[in-house]
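Me: I have a structure open and would like to go through it piece by piece. Can you take my questions as they come?

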Amino acid sequence: MNISHSDIFFLKQTLQLAKRGEGWVNPNPMVGAVIVNYGKISGKGHHRRWGLPHAEIEAISSCTESTKGATLYANLEPCVRVGRTQPCVDSIIYSGIKRVVCATLDPSLIQHGLGVATLKDAGIEVTIGGIEDEARKLNEAFFTFHQKKRPFIAVKFAASLDGKIATSTGDSKWITGQRAREYARKLRGKYQAICVGATTVVRDNPHLGIRTKGLRDPFRIVLDPHLRTSPASQVYRDENAMIFISKSIDPGKKVVFERKGIQVVPVSSYPFDIKEIMHYLYGQEIVSILVEGGATTLGSFFDAKLVDKVYAFNSPIIIGGKNGLSAIGGEGATFVKNAHRLKQITRKQFGDDQLTVGYL
């Protein structure tokens, strides 16, 4: 059966509902669901938090009338696997729903197509598509995680017009204005984890939290091969943190971190093999990471060709100086034609500051 205009309308409602779970449902995807009877919504729900009922079950529970013969809309294929919650397909079948419309299939190998097949075997009509691109964009991190077997990686930096993130003396406060900085902090809430290098922690002692009510602080990851950071640093204020160190570090030096509940992960390679670290984080079900730098850390991700998305803030100032710190370190491109080029570009203005967002 083809997707109708009304199907598109209700599918778009599921996207709006799904967004409410942003930052709270990791490593699960953001999912919204609505149940429609005789052209009107009789129930709706979204996945609120990891471990809580999924969107379809919430929608069925919220129904104001019988679900028999109704249509359920969801932005992602209903799950069939038993986990912390019951499979959504079981609840859908039991409810008497006659038709299911989902925007896209689940990308995970365990789930892909099984939910649809199970529903069809139960005699339920299933339609897929309509707003597939929008649905995939909403859960871009979830799709990347399952299709590329690594976290979705976004990088963020703020630079002057000449590409500097600090002066020759290391001063970097502040390149952009308050509005841009507040927006940048809120960006952290979109990602499961945030990653910085040891120099950033030593020099700036950043909090790396959102500090906004209703938004969840991301998991904090520090790349510190020589274990230069202090366990008293703000990033280690609670157990919601992990530090990667070189295997050659004396095991006794990491004990103070472990006593605080910080996960300490020795890495065999030096300089760090970023792909090795991402493989480890994939195994820990870290779906998305926002890398905030500094230059060496950002450069290592670009050199490894692991960057999916870029948030580049620019301020209309010129710092100058050959010893000023560039935004991106590492090896860089040998020729201009090999430079990383952004696609699907959008821009946002914050007073005099501008944010450029794009994909690689």
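Reply: The turns below go through a sheet, some helices and a few single residues.

Me: What kind of model is this, and how are residues numbered?

Reply: This is a predicted model, with residues numbered from 1 along each chain as its sequence is written, and local features need pLDDT of at least 70 while side-chain atom pairs count only at pLDDT 80 or more. Totals for chains, interfaces and linings use all residues, and side-chain values use heavy atoms, leaving out hydrogens and water.

Me: ok, the sheet. What is the strand order?

Reply: The order is E11-E10-E9-E8-E12-E6-E13-E16-E15, an open sheet of 9 strands with mixed pairing. Strands (E, at least two residues) and helices (H or I, at least four) are DSSP runs numbered from the N terminus. Two strands pair if DSSP finds at least two bridges between them.

Me: Which strands stand at the edges?

Reply: Strand E11 (263–267) and strand E15 (343–350) do; each has a single partner strand, so one side of each has no neighbour in the sheet. On average, neighbouring strands of this sheet are turned by 20° against each other, direction ignored.

Me: And in what sense do E6 and E12 pair?

Reply: Strand E6 (residues 152–160) and strand E12 (residues 288–293) pair in the parallel sense over 4 bridges. Ile153 stands opposite Ile289 in E12.

Me: Which helix lies across E6 and E12?

Reply: Helix H6 (residues 140–148) lies across E6, E12, strand E13 (309–315) and strand E16 (353–359), and runs at about 125° to E6. Axes are lines fitted to C-alpha atoms, for helices over the stretch in contact, and angles run from 0 to 180 degrees between N-to-C directions.

Me: How many residues of H6 are buried?

Reply: 7 of the 9 are buried, so H6 is largely enclosed by the rest of the structure. Buried means under 20% relative accessible area, exposed over 50%, and partly exposed in between (1.4 Å probe, protein chains only). Among the buried residues are Phe142, Phe143 and Phe145. Their cover includes helix H5 (132–138), E6, helix H10 (274–283), E12, E13 and E16.

Me: New topic. At what angle do H3 and H4 pack?

Reply: Helix H3 (residues 88–95) and helix H4 (residues 114–121) pack at about 20°, with their axes 10 Å apart. They are therefore roughly parallel, a term for angles under 35 degrees.

Me: Which residues meet there?

Reply: Val89, Ile92 and Ile93 in H3 meet Gly115, Thr118 and Leu119 in H4, where contact means heavy atoms within 4.5 Å. The residues of this contact divide into 4 nonpolar, 2 polar and no charged. Ala, Val, Leu, Ile, Met, Phe, Trp, Tyr, Cys and Pro count as nonpolar, Asp, Glu, Lys and Arg as charged, and the others, Gly among them, as polar.

Me: Back to E15. What is Lys348 in contact with?

Reply: Leaving aside neighbours within four places in sequence, Lys348 is in contact with Tyr183, Asp353, Gln354 and Leu355. Lys348 is partly exposed, at 41% relative accessible area.

Me: Last thing, odd backbone. Where is there a cis bond?

Reply: One cis peptide bond joins Tyr270 and Pro271, with omega about 0°; Pro271 is in the loop between E11 and H10. The bond from Lys173 to Trp174 is cis too, with omega near -10°.

Me: What about the phi of Tyr38?

Reply: Tyr38 is not a glycine, yet its phi is positive, about 55°. Most residues other than glycine have a negative phi. Tyr38 is exposed, with a relative accessible area of 80%.

Conventions:
Parallel < 35°, antiparallel > 145°, perpendicular 65-115°, else oblique.
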